[in-house]
Amino acid sequence: MKHEDCIFCKIIDGEIPSAKVYEDDHVYAFLDISQVTKGHTLIIPKTHTKNIYETPAAVASELFARVPAISNAIKKTYKPIGMNLLNNNEAPADQSVFHLHIHLIPRYGENDGYSSNWITHGDDYTSDDLQQIAKDISNAIE
Ligand code: 5GP
Ligand code: ZN
């Protein structure tokens, strides 16, 4: 299940050192080497999967099942005032390591290092447009 040349598989195996936060049979969690904020943690499945598109539901379940406990541990320890979860898929969406991972980014206030730059386009879509888009996606769910 290990993928050659994957740095996160090497971190799971201990070939590359990491600051480990949590480990069990299914997942491994460690500090992001580039801390956006204090306690910025990555949680990854031990099964190599490139990103969300290729992830079996069982692997996703095991992965996300651990997110609340780790988030609460960060909350209890550093008392952030919020927490963002982030998952990037494919290079145009800023994925740089191609082993599925969820970022846990504790938030400490404005200018704490994290920013998301959403520009909303709610006015561009009528409710009929939204119904049609929902139907299109719904029809494609396998
Ligand atoms: P992505 O950009 O793919 O969503 O996130 C990949 C993350 O992995 C980046 O935030 C980057 O700092 C982190 N990262 C890359 N290489 C290493 C490493 O060798 N060790 C650790 N701990 N984090 C890494
Ligand atoms: Zn991997």
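Which residue in β2 is the bridge partner of Y22? In this predicted model, in which local features need pLDDT of at least 70, side-chain atom pairs count only at pLDDT 80 or more, and totals for chains, interfaces and linings use all residues, the bridge partner of Y22 in β2 is A29. Residues are numbered from 1 along each chain as its sequence is written, chains are lettered from A and ligands numbered from 1 in the order in which they are written, and side-chain values use heavy atoms, with hydrogens and water left out.

Strands β1 (residues 20–23) and β2 (residues 27–31) pair in the antiparallel sense over 3 bridges. Strands (E, at least two residues) and helices (H or I, at least four) are DSSP runs numbered from the N terminus, and two strands pair if DSSP finds at least two bridges between them. β1 and β2 form a hairpin with 3 residues between them. E23 also has its bridge partner in β2, namely Y28. β2 is further joined to β3 by 5 bridges, and these two strands run antiparallel; here F30 has L42 of β3 as its bridge partner. Because 4 of the 5 residues of β2 are buried, this strand is largely enclosed by the rest of the structure. Buried means under 20% relative accessible area, exposed over 50%, and partly exposed in between (1.4 Å probe, protein chains only).

The zinc ion (ligand 2) has as protein donors C6 (SG), C9 (SG), H48 (ND1) and H99 (ND1), which lie 2.1 to 2.3 Å from the ion. Donors are N, O and S atoms within 2.8 Å of the metal (3.2 Å for Na, K and Ca); water is not among the atoms, so sites may look incomplete. The angles among the 4 donor atoms are 104 to 116 degrees, and the site is tetrahedral, a term applied to four donors if all angles lie between 85 and 135 degrees. The ideal angle for four tetrahedral donors at a metal is 109.5 degrees. In sequence, the donor residues follow the spacing C-x2-C-x38-H-x50-H. The two histidines link distant parts of the chain: H48 is in the loop between β3 (41–45) and α2 (57–65), and H99 is in the loop between β4 (82–86) and β5 (102–107), 51 residues apart. H48 is buried, with a relative accessible area of 17%, and H99 is buried at 0%.

Around ligand 1 there are 16 residues, of which D32, N88, S96, H101 and H103 come nearest; a residue is counted if one of its heavy atoms lies within 4 Å of the molecule. A backbone N or O atom of L31 lies 2.9 Å from a nitrogen atom of ligand 1. Backbone N or O atoms of D94 and V97 lie 2.9 Å and 3.1 Å, respectively, from an oxygen atom of ligand 1. Taken alone, ligand 1 exposes 520 Å², and the protein buries 82% of that. H103 is found in strand β5 and is buried at 11% relative accessibility. The side chains of H103 and H40 are joined by a polar contact of 2.8 Å.

Two residues that are not glycines have a positive phi: K79, at about 50 degrees, and N111, at about 60 degrees. K79 lies in the loop between α3 (67–78) and β4 and is exposed, at 60% relative accessibility. N111 is placed in the loop between β5 and α4 (127–140), and is exposed with a relative accessible area of 80%.

Definitions and conventions: Four donors count as tetrahedral if all angles lie between 85 and 135 degrees; four count as square planar and six as octahedral if opposite donors are over 155 degrees apart and all others between 65 and 115; anything else is irregular. A polar contact is a pair of N or O atoms within 3.5 Å; within protein, one must be able to donate a hydrogen and the other to accept it, and residues adjacent in sequence count only if both atoms are side-chain atoms. Accessible areas come from the Shrake-Rupley method with a 1.4 Å probe; for residues, only the protein chains shown count as cover.
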